[in-house]
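The following exercises concern a structure of two protein chains and are to be worked with the sequence and the model in view. Each task is followed by a solution in steps.

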Amino acid sequence: MFLNELKIGETAQITNLSQVQVLLQKRLAHLGISEACEVCLKNKLPFGGPCVIDCKGQAVSLRKKDICTIQVEKSCR
Amino acid sequence: MQIALLGNPNTGKTSLFNALTNSYEYVGNWSGVTVEKKVGQFVDQSGQLIDLPGVYSLNPISKDETVVTNYLLEDTCEGLINIIDAAQLRRNLHLTLQLRETGNPVIVGLNMVDVAKNRGITIHTERLAQALDLTVMPIVARTGQGIDMLLSHLPELKTTNQLGLVIDYGAIIEHAIAKITNHLSQTSLNKRWLALQFLEGNHEIEDYLNKTSDITVMQQIRLDANKEISASSNRTLEQVIYQYRDQFIDALINSTVCTEKNQTTPLSERIDRIVTNRYLGIPIFLSLMYIMFMLTFDWLGFPISDLLDAFFSGPLTSVIQAGLNLIGASSFIEALIIDGIISGVGGVLVFVPQIFILFFFISLLEDSGYMARVATVMDRIMQSVGLNGKAFIPMIISFGCNVPGVMAARTIEQPKERLITTLLTPLMSCSARLPVYALFVGAFFSQHQALIVLSLYVLGVVVAFILAFVFSKTLFKNEQSFFIVELPPYRLPQWKTLSRSTWDKGKGFVKKAGTFIFAGSVFIWLLSYSGPGGVDVAMDESFLAMIGGIFAPLLIPLGFGTWQAAAALLTGFLAKEIVVATMAIIYVVPETGMQEVLQQAFTPVSAYSFMVFILLYVPCLATVAAINKETQSKRLAWFSIGYAFILAYLLSFIINQVGSRII
């Protein structure tokens with residue numbers, strides 16, 4: 001599934017970032033967001049606006065269309 | 001001793017800089033040469049500290065980040081202070097490793113150890129120091145804790161014998177590094193670091209190497225290595241290098257950091273639930289802007305400015321007049337000082353309180369961490385006009401001054417969006433335009449002062465949005481766009497940081513009043529005092545009237561076709577405050593106030609038309625210079641003048657033609 005399919009407050013593990021556009025991949029890496037990281041969807045702004053995610057205690061906002069390219073898997077816990 | 005301060009964004013770099021230094025100046029000035037490189041004197045006078053922009057890595061993506069890489073390539077310093085956010089150790093260490101690879105002596109300031117502790121993170125600094133072969137000083141930059149210790153360790157940097165850190169990047173990459181270092185010509189920089197950064201695809205390094213070495217061979221080596229890597233791991237060279245560093249950091253963190261689970265929701269998250277709320281986000285932002293605006297113009301700003309104005313035109317003028325009489329100054333000198341300098345410079349200085357209030361609020365927005373939220377909340381709207389939520393930050397900064405606004409556009413990653421933002425920020429009404437509005441609303445719209453001024457600010461933003469839409473659809477080719485912004489934890493702004501950055505922004509205005517506007521006032525007064533008929537001529541027969549008269553007919557359709565308005569607008573290109581200084585000199589009439597004279601020269605409609613013209617017509621000289629420098633294009637600098645002038649003329653024309661028929 002993709003990150004945008006999570007409900008607000010849900011946590012999942014990133015499984016694949018290769019479909020994300022290259023520059024954004026680099027930026028995510030800078031922020032320490034890489035495959036196998038746990039992410040939590042914190043907020044979705046209306047009218048298809050950006051989403052706020054939390055990864056390792058830092059909040060980052062990203063556009064919806066980019067979040068749709070981040071593949072995740074819900075944690076079993 | 002010269003030392004540079006580096007770190008990730010939002011790690012408390014500015015707090016540390018302020019704690020380590022007591023006096024500082026920007027290298028370069030408002031004309032906009034290098035505002036990004038800030039130099040400070042250490043509190044113990046032992047040397048200079050250079051503040052560099054926050055970066056995540058030495059391989060830059062946005063333009064502001066290239067400053068850091070170029071500094072390391074081209075300047076020499078005796079050491080680096082690397083500030084690290086203890087709560088985000090893993091991410092911060094990526095930069096630390098790269099800094100250690102440069103071979104420059106590094107000392108680490110481990111900041112916000114208190115915040116980390118609250119989150120249940122304990123770091124063994126000695127073990128960290130040992131593993132990285134450097135000194136690690138736990139500090140809390142905001143309170144000043146540990147700063148003395150950090151300072152006392154700085155002299156060691158000069159004598160330390162730190163070797164560049166060597167991480168094993170695996171056979172393929174190590175082989176490529178060896179081959180590239182063989183091809184590098186003689187350099188004082190660390191060759192292994194250069195080779196690594198080159199392999200990572202760092203464009204700044206590539207440009208640098210291109211000056212001295214033949215890089216086609218190296219490019220081939222990189223290409224081969226990339227092929228080999230992707231064959232074995234399906235990843236790019238850059239990703240693999242990142243992975244090796246990540247593994248190194250992993251091991252480091254395992255041996256140095258203890259984390260306990262902490263279940264309380266951080267305060268920032270609770271605030272964010274409200275200010276970035278789906279429905280409340282935009283209303284909250286607009287209310288904050290409204291409060292900031294009303295405080296600047298209505299509740300606090302106007303009364304103070306009025307007091308100051310009364311002081312300048314009353315007691316100060318009479319004291320100076322008495323003094324001049326006492327020393328028996330000639331009538332020429334008296335007129336020059338009273339009608340020229342006091343009118344001109346005083347007319348501008350009156351607005352210093354308002355401008356400082358505005359700058360104070362902009363600094364508050366910057367320091368608190370709210371700006372990143374603004375970018376998030378506004379992104380959807382900005383996206384619909386072809387821009388990026390981040391573009392809103394330069395726009396807010398531009399309300400203070402357009403020059404730093406233009407520079408702040410650097411943080412936008414995509415060239416197209418950066419360019420459009422750079423070109424459009426001058427449409428934001430800067431503080432230098434404020435004196436003009438204040439003068440005119442006082443004379444014509446005393447019932448609705450704040451409302452009329454607000455309408456001009458809103459007009460600037462709306463016009464910028466419309467043009468952004470037009471430009472992004474027509475002039476500039478589309479490219480892939482993305483938006484990512486880190487939401488740093490909220491921080492209670494500190495008085496020292498806040499007062500420093502307010503003063504920093506505002507002092508340019510005061511300085512300009514003392515130099516530029518002073519000289520301009522003298523010059524304009526001389527032009528108004530002399531004419532073809534000699535000196536002390538009637539104002540209408542002065543040189544100033546002649547020059548203004550040439551352009552006045554052009555302005556008739558706009559409602560202010562007088563030589564006075566034309567002369568004021570001409571001088572306004574230098575700096576928009578001069579418009580008021582010029583008018584104060586032209587319209588100086590001893591018995592009646594300036595507002596009465598203005599009421600005879602303008603109608604309410606033409607006054608509004610004039611204010612709109614001032615808002616939009618050509619950016620000031622300093623802004624044009626900044627645009628020229630940022631875009632590296634004379635053509636675009638001219639374009640910024642041209643489109644703004646046409647726009648101003650059209651809008652003022654419509655307002656005057658429509659308005660004068662209705663009213």
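**Exercise 1.** Determine whether A:Glu10 is buried, partly exposed or exposed, and identify the salt bridge in which its side chain takes part.

*Solution.* The model is a predicted one.
Step 1. The relative accessible area of A:Glu10 is 21%. Buried would require under 20% and exposed over 50%, so A:Glu10 is classed as partly exposed.
Step 2. The side chain of A:Glu10 meets that of A:Lys74 in a salt bridge, with an N to O distance of 3.2 Å.
Step 3. A:Glu10 belongs to the segment before β1 of chain A, whereas A:Lys74 belongs to strand β5 of chain A; the pair, 64 residues apart, thus links distant parts of the chain.
Step 4. A:Lys74 has a relative accessibility of 40% and therefore also counts as partly exposed.

**Exercise 2.** Examine two salt bridges of chain B, B:Glu74 with B:Lys211 and B:Arg222 with B:Glu206, and state where the partners lie and how accessible they are.

*Solution.*
Step 1. In the pair B:Glu74 and B:Lys211, the closest N and O atoms are 3.4 Å apart.
Step 2. B:Glu74 is located in helix α2 (residues 63-74) of chain B and B:Lys211 in helix α10 (residues 203-212) of chain B, 137 residues apart, and the pair links distant parts of the chain.
Step 3. With 48% relative accessible area B:Glu74 is partly exposed, while B:Lys211, with 62%, is exposed.
Step 4. For B:Arg222 and B:Glu206 the closest N and O atoms are 3.1 Å apart.
Step 5. Because B:Arg222 lies in helix α11 (residues 215-233) of chain B and B:Glu206 in helix α10 of chain B, this pair ties together parts that are 16 residues apart in sequence.
Step 6. B:Arg222 and B:Glu206 are both buried.
Step 7. Over all chains the count is 21 salt bridges. A network of salt bridges links A:Arg27, B:Glu65, B:Lys390 and B:Glu413.

**Exercise 3.** In what order do the six strands of the open sheet lie, and which are its edge strands?

*Solution.*
Step 1. The order is β5(A)-β1(A)-β2(A)-β3(A)-β4(A)-β10(B), with antiparallel pairing.
Step 2. The edges are β5 (71-74) of chain A and β10 (484-487) of chain B, each of which pairs on one side only.
Step 3. From one strand to the next, the twist averages 40 degrees.
Step 4. At one edge, strand β1 (residues 11-16) of chain A is joined to β5(A) by four bridges, and A:Asn16 stands opposite A:Gln71 in β5(A).
Step 5. Helix α18 (residues 370-384) of chain B packs on the sheet, where it touches β3 (51-55) and β4 (58-62) of chain A as well as β10 of chain B; the helix direction makes about 140 degrees with that of β10(B).

**Exercise 4.** Describe the surroundings of β4(A) and the directions in which its residues point.

*Solution.*
Step 1. Side chains in a regular strand alternate between the two faces of the sheet.
Step 2. In β4(A), A:Gln58, A:Val60 and A:Leu62 point one way and A:Ala59 and A:Ser61 the other, and all are buried.
Step 3. Five antiparallel bridges pair β3(A) with β4(A), and A:Ile53 stands opposite A:Val60.
Step 4. The hairpin of β3(A) and β4(A) has two residues between the strands; A:Lys56 in this hairpin takes a positive phi near 55 degrees.
Step 5. β4(A) is also joined to β10(B), by four antiparallel bridges, with A:Ala59 opposite B:Leu487.

**Exercise 5.** Contrast the covering of helix α19 of chain B with that of B:Phe543 in helix α26 of chain B.

*Solution.*
Step 1. In helix α19 (residues 392-400) of chain B, nine of nine residues are buried; among them are B:Phe392, B:Met395 and B:Phe399.
Step 2. These buried residues pack against several helices of chain B, including α14 (281-299), α18 and α23 (449-473).
Step 3. B:Phe543, by contrast, has 32% relative accessibility and so counts as partly exposed.
Step 4. B:Phe543 helps to make a nonpolar surface patch of about 630 Å², together with B:Met546, B:Ile547, B:Ile550, B:Phe551, B:Leu554 and B:Leu570.
Step 5. Helix α26 (residues 543-555) of chain B gives the most to this patch, with six residues.

Notes:
Residues are numbered from 1 along each chain as its sequence is written. Chains are lettered from A and ligands numbered from 1 in the order in which they are written. This is a predicted model: local features need pLDDT of at least 70, side-chain atom pairs count only at pLDDT 80 or more; totals for chains, interfaces and linings use all residues. Side-chain values use heavy atoms; hydrogens and water are left out. Patches are made of residues with over 30% relative accessible area and no salt bridge: like charges are joined within 9 Å, nonpolar side chains (Val, Leu, Ile, Met, Phe, Trp, Tyr) within 5 Å. Accessible areas come from the Shrake-Rupley method with a 1.4 Å probe; for residues, only the protein chains shown count as cover. A salt bridge is a side-chain nitrogen of Lys or Arg within 4 Å of a carboxyl oxygen of Asp or Glu. Buried means under 20% relative accessible area, exposed over 50%, partly exposed in between (1.4 Å probe, protein chains only). Two strands pair if DSSP finds at least two bridges between them. Axes are lines fitted to C-alpha atoms, for helices over the stretch in contact, and angles run from 0 to 180 degrees between N-to-C directions. Contact means heavy atoms within 4.5 Å.
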